[in-house]
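Reader: Hi! I am new to reading structures and would love a close look at one part of this one. Could you pick a strand, show me what surrounds it, and then help me find my way to a few other places?

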Amino acid sequence: MYIGALDQGTTSTRFMIFDHGGSVVGIAQEEHEQIFPQPGWVEHDPEEIRARSFSVVESGLAAAGLTTADLTAIGITNQRETTVMWDRVTGEPVHNAIVWQDVRTADLVDELGGTEGQDRFRNKTGLPLATYFAGPKIRWMLDHVDGLAARAESGDVLFGTMDSFVLWHLTGGPDGGVHVTDVTNASRTLLMDLATLDWDDDLLDSIGVPRAVLPEIRSSSEVYAEGIGPASGVPIAGILGDQQAALFGQACYDPGDAKNTYGTGCFMLLNTGEELVPSASGLLTTVAYRLGEAPAVYALEGSIAIAGALVQWLRDNLGMIASAAEVETLARTVEDNGGVYFVPAFSGLFAPYWRSDARGVIAGLTRYATSGHLARAVLEATAWQTREVLDAMRTDSGVDLTSLKVDGGMVENDLLMQIQADVIGVPVIRPQVSETTALGAAYAAGLATGFWEGFDDLRANWNEDRRWDPVIDPSRRESEYAAWKKAVTRTFDWA
């Protein structure tokens, strides 16, 4: 028997099948369109994502030579704050999904902050008021889609992050689909109280979201319902937001364990156990996971909006490379960055700044600079942003990391991993299964159905593939970090 994981990401949806040892036995993946109606706006077509979700389950099973009878359960993991609303009766979306990178709610966020600013709701939610999160996106739809507010009040439309939308359709849709989310995704809405793990009336009233549209909040590991269609009869038994899923897949189950995921954005999470640790350094306090009726486990998170997306920009917008993999080859044509720094504040700056007014900047250009220097600066941008988050985590938690577990698509870039180790000054470790996001969702579903017995089973599956030790001179590291910080200040107050 096997466990399936439906991974609904920012740029694609895939289905992965794992055996008991955590090895991949089947995979299918399909991209979906990125829609940019105007500068700073990012949307997805929910119906396209629904279709892709059904399709990859079917093709993933076929590729592995398996049927639904071979699956013990399916877990779901998802791009988190991306917001969709749909008709309860027909299942049709009322608007394109508003993606987590979208900044159209900037004015609304300022209005909601009032005299208290971005920390108005931080005590309850662990989050700053920012365009990143789902609550203001819901409010924007209610304000801008004709008749939607009245339909929402009467319960005729439903809200969900992508986990809820996909799960609803995968368990029956208009014909009995379950409308639930898990604590990790709910903790990214600005609508849930981290202490009670429930929607909070004061938050709902303040942001202007009717309770009738919201899914039920459940744990990250339990049987929610059986699937239909390509998942017919298979228990859907795990939900984790993508970054929490990666933490879970990396076997970071003890306080002080940390991982960094390099995808469209870049996300570092530090397990803080059952303790809610408030951040004074620009990090997010979030739910890491909750298994069944057990207490919730929390995490500190540093969220970076643009990481792999910057490589895509270099490929798609500038045409400097033909494929993402070529950025490493181009960057290796130079020995250093030539004094060039690229701060990719395309959607403002996330952790630790939370500046929606920031926009991207390339600093330090001279006639000496080449395409190789720019490619190197693109890779270093991810590494320097990670360093800033790591510094904030040290300040908030008092924990000095001795190594960093890494995962996601960009960890196949060996040069980036060496730069990362040099920048943070501790070893960077890549596991044998680097697609830990899908693996974490599989683990959550497998624990709920007895496929795996407990954490010891999951820890036994984790194996090191490669590590990179820092080799840079510490004085050079700090001088280049100071130049990076100077470049960051040049992005402020642009929009």
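Author: Happy to! Let's start with a pair of glycines: Gly 75 stands opposite Gly 238 in strand β14. Please keep in mind that we are looking at a predicted model. Gly 75 belongs to β5, which covers residues 71–78, while β14 covers residues 235–241. These two strands run parallel and are joined by 5 bridges.

Now look at the other neighbour of β14. Ser 221 also stands opposite Gly 238, and Ser 221 is where strand β13 (221–226) begins. Here the strands run antiparallel, with 3 bridges joining β13 to β14. Further along this pairing, Glu 226 stands opposite Pro 235 in β14. As a reminder, the strands of a sheet pair through backbone hydrogen bonds, in either a parallel or an antiparallel way. Around β14 you can see both kinds: parallel with β5 and antiparallel with β13.

Let's step back to the whole sheet. It is an open sheet of 6 strands in the order β3-β2-β1-β5-β14-β13, and its pairing is mixed. The edges are formed by β3 (24–31) and β13 (221–226), each of which pairs on one side only. Going from strand to neighbouring strand, the average turn is 25°, with direction ignored.

What lies across this sheet? Helix α14, made of residues 436–448, lies across β1, β2, β5, β13 and β14, and it runs at about 130° to β1. Helix α1, residues 46–64, lies across β1, β2, β3 and β5, running at about 150° to β3. Note that β14 is on the list for α14. How enclosed is β14, then? Of its 7 residues, 7 are buried, so the strand is largely enclosed by the rest of the structure.

A good residue to find next is Asp 182, which sits in strand β9 (residues 180–182). Setting aside neighbours within four places in sequence, its contacts include Ile 239, Leu 240 and Gly 241, and these fall within the stretch 235–241 that makes up β14. Tyr 224 and Ser 220 are also among its contacts. Asp 182 is buried yet has no salt bridge, and the nearest side chain of opposite charge, that of Arg 80, is 9.4 Å away. What does the side chain of Asp 182 meet instead? One polar contact goes to the side chain of Ser 220, at 2.8 Å, and another goes to the side chain of Asn 185, at 2.9 Å.

Arg 80 has charged partners elsewhere: together with Glu 81, Arg 188, Asp 242 and Glu 301, Arg 80 is part of a network of salt bridges. The structure holds 38 salt bridges in total, and a few of them make nice stops on our tour.

One joins the side chains of Asp 200 and Lys 124, at 3.0 Å from N to O. This pair links distant parts of the chain, 76 residues apart: Asp 200 is in the loop between β11 and α8, and Lys 124 is in helix α3. Asp 200 counts as buried because its relative accessible area of 13% is under 20%, whereas Lys 124, at 28%, is partly exposed.

Another salt bridge forms between Arg 387 and Asp 391, with the closest N and O atoms 3.2 Å apart. Both residues lie in helix α12 (371–397), 4 residues apart, about one turn of the helix. Arg 387 is buried at 8%, and Asp 391 is partly exposed at 22%.

For a third, Asp 414 and Arg 466 form a salt bridge with their closest N and O atoms 3.1 Å apart. That one also links distant parts of the chain, 52 residues apart, from helix α13 to strand β23. Asp 414 is partly exposed at 24%, and Arg 466 is partly exposed at 34%.

Our last stop is Ala 331, in helix α11 (residues 326–331). Is Ala 331 buried or exposed? Its relative accessible area is 0%, so Ala 331 is buried. Beyond residues up to four places away in sequence, Ala 331 touches Gly 372, Ala 375, Arg 376, Leu 379 and Leu 415. Its C-alpha atom is also 8.7 Å from that of Val 378, a residue 47 places along the chain.

Conventions. Residues are numbered from 1 along each chain as its sequence is written. This is a predicted model: local features need pLDDT of at least 70, side-chain atom pairs count only at pLDDT 80 or more; totals for chains, interfaces and linings use all residues. Side-chain values use heavy atoms; hydrogens and water are left out. Two strands pair if DSSP finds at least two bridges between them. Axes are lines fitted to C-alpha atoms, for helices over the stretch in contact, and angles run from 0 to 180 degrees between N-to-C directions. Contact means heavy atoms within 4.5 Å. Buried means under 20% relative accessible area, exposed over 50%, partly exposed in between (1.4 Å probe, protein chains only). Lys and Arg count as positive and Asp and Glu as negative; His and the chain ends are not counted. A salt bridge is a side-chain nitrogen of Lys or Arg within 4 Å of a carboxyl oxygen of Asp or Glu. A polar contact is a pair of N or O atoms within 3.5 Å; within protein, one must be able to donate a hydrogen and the other to accept it, and residues adjacent in sequence count only if both atoms are side-chain atoms.
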